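User: Got a minute to go through this structure with me? Start with whatever terms I need.
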Amino acid sequence: MRFLFLALSLLGSVPYAHAGSPAPGFTLRDLSNRPHTLEQYRGKVVLLDFWATFCGPCLIEMPHLQKMYTDLAPKGLVVLGISADAARDQSRIKPLVAGKGLTYPILLDPQTTTVAAYNPSKTLPYSVVVGRDGSIVHVHAGYNPGDEVALRAAVEAALAAP
Amino acid sequence: MSIHVLVLALLASAGAGRAEEPAARPGDESVAAARPPPTWGLHGTHDVRARYWMLDARLPNFEDRRILDYVEIVDHLDLKASSDRWTAAIRGDAVSLLANRYVLDGVLTYEHELVPDTMRGPTADTWLALEKASLEHRGQHLTLTMGDRWVSFGRGLALNLVKNTDMDIDTSLRGGHASWHGTSVDTTAVVGVTNPQQVLLENPNVRLLPDDGHVVAGVRVERFGRVALGAHAVGVQFHPPNTADAWTRPLGARVAGATVDAPGLAGIDVFAEVDTFFYDEDAIPVDRGWAAYASAGAYPGRFQVLAEVRAAHAAEYLNAYAVGYELAAGPTLEYERVITEDSAAAVNSNDIVGGRLRVDGRWGEGEHAFLPYLALAAFHDRDLGGLHFNRSPERILHPTFGAQILRGETHALLNAGVRADLREGATSDGGLDADRMAHLDLDLSFPIAGAVSLEIAPSAQAFGWGENLQQQGDFVNLSNTVAVKFGPRWALMAYNDYSDNDLIRSTGNLGEHLYGALEAQWIPTPGHTLKLFGGAYRAGIRCAGGQCRSLPGFEGVRLGYTGNF
């Protein structure tokens, strides 16, 4: 009971402080082996989508991200899908991406170090919006129907910020 | 208990230090974006599970059952300080069992010995450890890491130490790691000692496994271009003794491998890897082995075609001394959601060749699409040792089919198939000797009204044995999950399991073979999740990421908290 009380009281005292932190840098290669760094997108709003081929909710969310990318890329949005699949599953990624008709870059993180840098629990899907200044402005774990509305609102707010 | 209170108190004080910052709500993020660019940040994740575990386990060959009745509390605390160039990270793990001890005739007795004699815990039923620690610097091209880091080479056949969240496996390499990312060349060098995670988060901790400390060194170079060529080498010293000969005796295992990666070559993505294994351990019955994997992907029109082949001989001996995890795990080409005690042997076979062909199609676009697939996997498993039940080599056929249907917020995912493990030879009465399995799983989610949605996920397996070294009974596994989600904050789940598999050592709470449970999930603020579970689920073997683990059943109550701060 003491444990439960402490855990519940903790919820009120700990701020959700991912927002405002600098986004950890990374260098990852895409499905064509081209390197991408987070730094090269400085000045744009970047939506990082951590996903995996075995993650059902990730696959449901992807068409919504593609629509967001299509609509908002002209306003400065970059979407980077970062696969949390282990090295052994990498051959399955491109057929899945092709089947979904995704056009935003898919990056490979076979050693899962970038995934862990943002999300030690490795909950999937995991969405991180990085502002134009390189700081994290929004984080969302998991996907339920309708979550894409709140995510889009966060992205549009970041795009509207100076 | 005091350990967990201390951790929570520290966490609470960290939060109090930031009390001047308003708690973020959806829509607050633009305020953060308007601030000056930050130079560093401190954040963490705290996972807590408190389980009241009433284990009613079936003992092999006895009518009696073993009954355990105690509370288990588990903490995983990740802390990370990072700037755009530096990251320092630690993870502390703690587990303790309450109401697990009694005094009998003046002697303190632990009912359940969580911490074996070879490990040092505060008590026999409490364990506390700084599980992971690392310091990383990321330069423009060079990344240096001291401490714990995950590493894999190629497709994982030679080295694959990564976190496997599905299986509660998290083995890192504790040592030094250097990566050079050039325009056309990537180089990685690692040396360290394997550091497996002791404390399971999602599954009951029965008896902790000590660190086994295999020394691993490896280097991989990959040159990118139209065709990317890679080469790697790995050396392993198993269980090095604390004597001088640890540095002078031959390595227990050496692996050398090469990869070819040609994405989009004439419209086809081609990948191939070959590795050779050399052993110098008395307990390993061979001197060398090999493993190979290749894949080809093509995209004609609305279809996606993926062909994969794998072959391995005596490659699994690399994992012989790694208890509870694997040093290397390449593609298995199996549908791992339906691995049974029988087919787990093929996943970790020391003599197997096989392949899988999968064709996916797509009709429709974006949020309104129909995505069916057909797949056929075939293997020739010649290994009779290890986990194998069969007395002769097997030819395995496993066709599967399925579809994903998207219609706005409605989503359905279906997978089904049949598997036959055909023995080379007839049964004693001249019949077809084969293990057979049929399986089906479905995941259906759709909105009901407003922000309320429903998810239903039933699955079924029916398994029939052929003639085995030790005969077991045929069995049926059924499970179902019904989840009602009330917007982004609340969800209620109901779980049902049924299994009459003689090989599992748990009994149901609703009947000998029937298990039931309820769970409520609450997300009070973004980044914080509370889950309350009550009921039972069955024991059984689970496989994911090429790794299989026999997990205990559970009956009782579980409170889980995950917080990001």
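Analyst: Helices (H or I, at least four residues) and strands (E, at least two) are DSSP runs, numbered from the N terminus. This is a predicted model: local features need pLDDT of at least 70, side-chain atom pairs pLDDT 80 or more, while totals for chains, interfaces and linings use all residues. Residues are numbered from 1 along each chain as its sequence is written, and chains are lettered from A in the order written.

User: Which strands of chain B supply at least two residues each to the lining of the largest cavity?
Analyst: Strand 17 (288-298) and strand 18 (303-313). A cavity is a set of points on a 1 Å grid over the protein atoms alone where a 1.4 Å probe fits but cannot get out; lining residues have an atom within 4 Å of a point.

User: What sits closest to its centre?
Analyst: L157(B), R310(B), A312(B), E316(B) and G330(B), out of 22 lining residues.

User: Switching to chain A. Where is the kink in helix 2?
Analyst: At M62(A), shortly before the proline P63(A). The bend is about 30°, taken as the angle between axes fitted to the seven residues ending there and the seven starting there.

User: Why is helix 2 of chain A largely enclosed?
Analyst: Because 12 of its 17 residues are buried, meaning under 20% relative accessible area (exposed is over 50%, partly exposed in between; 1.4 Å probe, protein chains only). M62(A) and P63(A) are among them.

User: And A266(B), buried or exposed?
Analyst: Exposed, with a relative accessible area of 75%. A266(B) is in the loop between strand 15 (253-265) and strand 16 (268-279) of chain B. Its phi is near 55°, positive in a residue other than glycine.

Note on methods:
Side-chain values use heavy atoms; hydrogens and water are left out. On a 1 Å grid over the protein atoms alone, a cavity is a set of points where a 1.4 Å probe fits but cannot get out, and a pocket is an open set with protein on both sides within 12 Å along at least five of seven lines; lining residues have an atom within 4 Å of a point.
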